[in-house]
Amino acid sequence: ANPHQINKDEDYILSSLKKSQAVQLRLTMSRDLAGKNITESFKEALETNGVNTEKLSKELEEFMTELAAVKEFKTGDAFSMTASWSDPKNNTATLIIEKPDHSTKAITGDETFVTDLFSIWFGKPADDKLAELKKVLLK
């Protein structure tokens, strides 16, 4: 919503997302991939960023369930995640997921779940491909 509020420094971008009030990340698939495969790679990236994937928050667990419910993402399919902090004093956030079939799901809870989720792309990269992507996203 307010991109000028985002600090694009590698060490501060994740913590500055909230200042923009709303952010969206849209993933467009470059190959066919099962939703369960994506959840597994997301969990690896979460673990790299210190999130205990054996005890995910109920919000992250709900997100992973929604993602895994997509049997297969086809090449060109898009999946978007829009996070908003409508009540920053209350430390809550809402994540709206839009699946390839255009169905949506809103998940609201403690803002930590959004920070944890976005750490996949803006936190410590879990592999070389995510490190390259992070550099592109920071431009």
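**Entry 1: Arg-31 and its surroundings**

I looked up the contacts of Arg-31 in this predicted model. Setting aside neighbours within four places in sequence, I found Arg-31 in contact with Phe-73, Lys-74 and Thr-75. Arg-31 sits in the loop that runs between β1 and α2. I then asked whether Arg-31 is buried or exposed. Arg-31 counts as exposed, because its relative accessibility is 52% and the cut-off for exposed is over 50%. I also noted the separation of Arg-31 from Asp-77: the two are 46 residues apart in sequence and 9.0 Å apart in space, C-alpha to C-alpha.

**Entry 2: Confidence**

I checked the confidence before going further. The chain has an average pLDDT of 92, and 99% of the residues score at least 70. Within the chain, I found the lowest confidence in α5, with a mean of 88, and the highest in strand β3 (residues 92-98), at 96.

**Entry 3: Helix α2**

I next followed the chain into helix α2, which spans residues 35-48. The helix has 14 residues and reaches 20 Å from its first C-alpha to its last, close to the 20 Å expected at 1.5 Å a residue. I listed its buried residues as Gly-35, Ile-38, Thr-39, Phe-42, Ala-45 and Leu-46. These residues lie on the same side of α2, because they cover an arc of only 120° around the axis. The spacing has a general background: an α-helix has 3.6 residues a turn, so residues three or four places apart point the same way. On the other side of α2, I found Lys-36 and Glu-44 exposed. I then asked which elements the buried residues of α2 pack against. They pack against β1 (22-28), α3 (58-68), α4 (112-122) and α5 (128-137). Just after α2, I noted that Gly-50 takes a positive phi of about 80°.

**Entry 4: The sheet**

I traced the strands and found that 4 of them form an open sheet, in the order β1-β2-β3-β4, with antiparallel pairing. β1 and β4 (104-110) stand at the edges with a single partner strand each, so one side of each is left without a neighbour in the sheet. Direction ignored, neighbouring strands of this sheet are turned by 15° against each other on average.

I went through the pairs in turn.

- β1 and strand β2 (residues 78-87) pair in the antiparallel sense over 7 bridges. I recorded Thr-82 in β2 as the bridge partner of Gln-24.
- β2 and β3 run antiparallel and are joined by 6 bridges. Here I found Asp-87 opposite Thr-92 in β3.
- β3 and β4 pair in the antiparallel sense over 7 bridges. I saw Thr-94 opposite Thr-108 in β4.

The hairpin of β3 and β4 has 5 residues between the strands, and I noted that His-102 takes a positive phi near 75° in this hairpin.

**Entry 5: Ser-86**

I looked at Ser-86, which lies in strand β2. Ser-86 is exposed, because its relative accessible area of 67% is over the 50% cut-off. I also recorded its separation from Lys-139: the two are 53 residues apart in sequence and 26 Å apart in space, C-alpha to C-alpha.

**Entry 6: Helix α3**

I turned to α3 and its place on the sheet. α3 lies across β2, β3 and β4, and runs at about 165° to β4. I listed Glu-59, Leu-60, Phe-63, Met-64, Glu-66 and Leu-67 as the buried residues of α3. Seen down the axis of α3, these residues fall within an arc of 160°, so they line one face of the helix. I then asked what covers the buried residues of α3. The cover includes α2, β2, β3, β4 and α4.

**Entry 7: Helix α4**

I asked how many of the residues of α4 are buried. The count is 8 of its 11 residues, and I entered α4 as mostly covered. The buried residues of α4 are Phe-113, Val-114, Leu-117, Phe-118, Ser-119, Ile-120, Trp-121 and Phe-122. I noted that α4 appears in two of the packing lists above: the buried residues of α2 pack against it, and α4 is included in what covers the buried residues of α3.

Note on methods. Residues are numbered from 1 along each chain as its sequence is written. This is a predicted model: local features need pLDDT of at least 70, side-chain atom pairs count only at pLDDT 80 or more; totals for chains, interfaces and linings use all residues. Side-chain values use heavy atoms; hydrogens and water are left out. The expected span of a helix is 1.5 Å times one less than its number of residues. Buried means under 20% relative accessible area, exposed over 50%, partly exposed in between (1.4 Å probe, protein chains only). The arc is that of the directions from the helix axis to the C-beta atoms. Contact means heavy atoms within 4.5 Å. pLDDT is the predictor's confidence in each residue, from 0 to 100. Two strands pair if DSSP finds at least two bridges between them. Axes are lines fitted to C-alpha atoms, for helices over the stretch in contact, and angles run from 0 to 180 degrees between N-to-C directions.
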